[in-house]
Amino acid sequence: MTTSLLTEIDHVAIAVHDLEAAISYYQSAFGATVHHREIVESDGVEEALLAVADSYIQLTTATRDDSPIATFLAKRGEGMHHIGYRVDDCAEALAAVVAAGGRAIDEAPRPGSRGTTVAFVHPKGSFGTLIELVQEN
Ligand code: CO
């Protein structure tokens, strides 16, 4: 079998302290523009998506002190937080990851930003990288 369940890099997520400063930097350095901006209150994050071809750079900051991004920023500082892989079927991809020994953070797919359906996979079991499976609906 040679068909990959991964159809595209959906986004590379970067945790930042100051979202406005990070957006300004990407604008002045690369001419990148904000394609979508959203506060996901359930995750305690505010994110800005900057388009790169068919993928995004997702600049992400915390909206409250107890959000996972706030914990990450406190422990690790700014930097790469996770990679989002686009898939056709999030549930199918999640089952395949678990069958391959991956550790699901989300037991089942759930709503993500931009109207997507997502599931996170723990960095432990995935060679140190937090993975988000992203299905566009
Ligand atoms: Co993400």
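Of the contacts between residues at least 6 apart in sequence, 52% join residues at least 24 apart. Keep in mind that this is a predicted model. The chain is built from 3 helices and 8 strands, and a cobalt ion picks up protein donors from His11, His82 and Glu132.

**Fold and overall dimensions**
- Reading from the N terminus, the elements go β-α-β-β-β-α-β-α-β-β-β.
- The radius of gyration is 15 Å, which agrees with the value near 14 Å that a compact globule of 137 residues would have.
- If you're setting up a box, the C-alpha trace spans about 45 × 30 × 25 Å along its principal axes.

**Surface and charge**
- Buried residues account for 42% of the 137 in the chain.
- About 7600 Å² is exposed, and 54% of that comes from carbon and sulfur atoms.
- On the charge side, there are 20 negative side chains and 9 positive ones. The centres of these two sets sit 7 Å apart.

**The cobalt site**
- Which atoms do the protein donors use? His11 and His82 each offer NE2, while Glu132 brings in OE, at 1.9 to 2.1 Å from the cobalt ion.
- Along the chain, the donors follow the spacing H-x70-H-x49-E.
- His11 and Glu132 link distant parts of the chain, being 121 residues apart. His11 belongs to strand E1 (residues 6-15), and Glu132 to strand E8 (residues 131-135).
- Are these two buried or exposed? His11 has a relative accessibility of 3%, so it counts as buried. Glu132 counts as buried too, because its relative accessibility is 8%, and the cut-off for buried is under 20%.

**Backbone oddities**
- Some context first: most residues other than glycine have a negative phi.
- Arg114 isn't a glycine, yet its phi is positive, at about 60°. You'll find Arg114 in the loop between strand E6 (110-111) and strand E7 (117-121).
- With a relative accessible area of 21%, Arg114 is partly exposed; buried would have needed a value under 20%.
- Phe127 is another non-glycine residue with a positive phi, near 60°. Phe127 lies in the loop between E7 and E8.
- How does Phe127 count, buried or exposed? Its relative accessibility is 84%, so Phe127 counts as exposed, the cut-off being over 50%.

Key: Residues numbered from 1 in each chain as written. Predicted model: local features only at pLDDT ≥ 70, side-chain atom pairs only at ≥ 80, totals over all residues. Heavy atoms only, no water. Helix = DSSP H or I, 4+ residues; strand = E, 2+ residues; numbered from the N terminus. Rg over C-alpha atoms; globule rule 2.2 N^0.38 Å. Buried < 20%, exposed > 50% of the residue type's maximum accessible area, 1.4 Å probe, protein only. Contact = heavy atoms within 4.5 Å. Areas by Shrake-Rupley, 256 points an atom, 1.4 Å probe, with all protein chains shown as cover. Lys, Arg positive; Asp, Glu negative; His and termini not counted. Charge placed at Lys NZ, Arg CZ, Asp CG, Glu CD. Donors = N, O, S within 2.8 Å, 3.2 Å for Na, K, Ca; no water.
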